[in-house]
Amino acid sequence: MTGPTRPWAGLNTVAGAPDVSGVPAPSDPRAVAQARARARARAQVAARRARAQRRARARALRRAALGRLLGRCAAVAAVLALTLTVSVALAGVRPETPAAASAPLELTAAATALRAELAGTAAAVLAGSTPDAPATSADLALTAALAGLRAAPTSPDQQAVDDAARVAWQTRLADLAAAGIELPTAAAVAAGDLPEGLSPATDALGLVVPGVVEGVVGGRVVAVPTVEAALAVGTALASLGTPYVPGGTSPAGTDCTGLTATVWAGLGRAVGTTFAAQWSAGTVVPEGQWQPGDLVFGSHPDAGLDDVGVYVGAGQVVTASATAHQVAVLPAAPGAAAVRVTVPPAVPNTPPPSDGSTATVCGAAPVSAATGPVSPAWGGWANGQIPTSALCAIGAGHRLRCDAAAAYAGLAEAFQNAFHRPICITDSYRSLSAQVDAHERKPAITAVPGTSNHGWGLAVDLCGGVNGFDTPEHAWMARWAPTFGWTAPDWARAAGSNPEPWHWEYGSLA
């Protein structure tokens with residue numbers, strides 16, 4: 001069927017244009033003008049949309065470029081921050097706040113949060129749970145800041161050793177960061193999936209060293225730690241000063257196996273809390289191939305395995321020492337052996353031989369099972385003649401043996417929380433000359449010079465309410481001080497032979 005003819009057919013057409021004869025067309029000149037106006041308006045709208053799209057694309061490109069620039073700036077800032085960290089430590093600058101001693105404040109806050117996360121994971125692993133995702137960080141600046149955190153005060157001599165090890169480790173991380181090296185995970189090392197610029201380490205015979213990779217820093221080939229090993233070292237260094245407590249596995253107190261168990265449990269690895277279990281937790285490593293993060297064991301022909309610590313380089317370990325009374329950096333014992341936790345043993349490890357005739361724990365003989373008072377003598381010094389460098393400061397010019405100082409710090413913090421004011425102290429370590437002076441002034445209530453437990457750095461005299469038997473402060477001390485290891489000796493109690501409500505001692509002392 002043929003439709004009616006259209007009088008406008010063929011008007012304003014262009015050869016080769018698509019057939020639009022099926023589209024209704026205006027029937028008069030005014031309608032034509034209106035149609036053209038609408039077409040122009042649509043064209044203008046389309047043009048504006050196109051311009052908006054071009055501007056949006058341009059903004060996206062600028063944002064992408066800015067993001068790349070900020071990324072590069074962040075990388076440079078991280079290197080600069082890490083360099084600043086090491087420079088401050090090398091300069092010997094120590095801020096009043098210990099946690100800020102080795103890192104800028106913002107890194108310190110991040111490192112503190114990381115330490116708390118690692119501690120939470122460690123607690124879960126030690127309790128037998130499996131954490132969902134153990135904390136990890138390949139950020140070298142953050143890892144260095146973690147190593148700069150501190151747990152408790154220590155003696156000036158030990159502090160110098162600890163700081164030197166901390167600075168050496170942070171300098172090593174700074175060099176890696178400056179060279180643009182990325183730390184690999186232990187899984188990546190095992191799979192051979194290494195970041196650019198790294199390769200498996202080999203020994204003098206050209207054999208691959210298990211669990212170790214190498215990179216180039218300043219024209220030198222150096223060993224590059226795994227993420228896990230770096231965090232293990234950082235966690236160990238952040239534990240320096242923690243009191244030595246037999247059987248302990250917490251920031252309140254730990255022994256040597258407790259420290260190493262906690263360090264690696266924080267990374268999701270259960271290595272056990274006994275020497276035997278930890279010796280079996282990794283591949284045995286020859287002494288010349290020790291790397292930071294390895295577990296280094298002391299042993300004795302009679303005692304067998306008797307000490308363990310986290311290797312931090314230069315022949316040194318971080319360990320909870322029964323002789324130093326706290327976590328400290330010490331030389332690895334002669335004849336020590338090591339295992340690499342990140343490399344499971346192919347066959348069960350054979351422990352060093354021993355006949356079991358001598359039992360030592362964490363570098364010292366175990367505490368006697370006797371329940372009576374123990375001798376307060378320590379360190380080989382005479383009463384009242386202990387060098388200041390072997391004692392730890394607790395504020396206001398007072399000093400104690402370092403484990404007692406750490407316990408006192410916890411007690412003082414708890415007292416502050418309970419009474420909203422600092423604990424008051426009048427006396428702590430008392431030199432022999434100070435004992436002589438005190439005895440001349442108060443012979444009836446002071447010990448014979450050379451016999452006072454103040455002379456061992458294990459006693460304090462308190463004030464501010466504690467120095468009275470019938471006070472809330474003294475009642476609080478009687479209830480809570482023993483949880484921090486501080487007690488009132490029998491003779492100093494209200495019914496004792498020489499009542500002194502102000503006198504408190506660390507442990508049960510003869």
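Reader: What makes the charged end of R479 count as sitting over the ring of W480?

Author: Happy to explain: the charged end of R479 is 3.9 Å from the ring centre of W480. A charge sits over a ring if NZ of Lys or CZ of Arg is within 6 Å of the ring centre and within 35 degrees of the ring normal. This is a predicted model, where local features need pLDDT of at least 70, side-chain atom pairs count only at pLDDT 80 or more, and totals for chains, interfaces and linings use all residues. Residues are numbered from 1 along each chain as its sequence is written, and side-chain values use heavy atoms, without hydrogens and water.

Reader: Why is the pair of W279 and F297 called edge-to-face?

Author: Rings of Phe, Tyr and Trp (its six-membered ring) pair if their centres lie within 6.5 Å; planes under 30 degrees apart are stacked, over 60 edge-to-face and the rest tilted. The centres of W279 and F297 are 5.4 Å apart and the planes meet at 85°, so the pair is edge-to-face.

Reader: How do you know that F297 is buried?

Author: Buried means under 20% relative accessible area, exposed over 50%, and partly exposed in between (1.4 Å probe, protein chains only). F297 has 1%, so F297 is buried, and W279 is buried too, at 4%.

Reader: And why is the pair of F415 and F419 called tilted?

Author: Their ring centres are 4.6 Å apart and their planes are at 35°, so this pair is neither stacked nor edge-to-face, but tilted.

Reader: What makes F419 partly exposed?

Author: The relative accessible area of F419 is 21%, so F419 counts as partly exposed, whereas F415 is buried at 0%.
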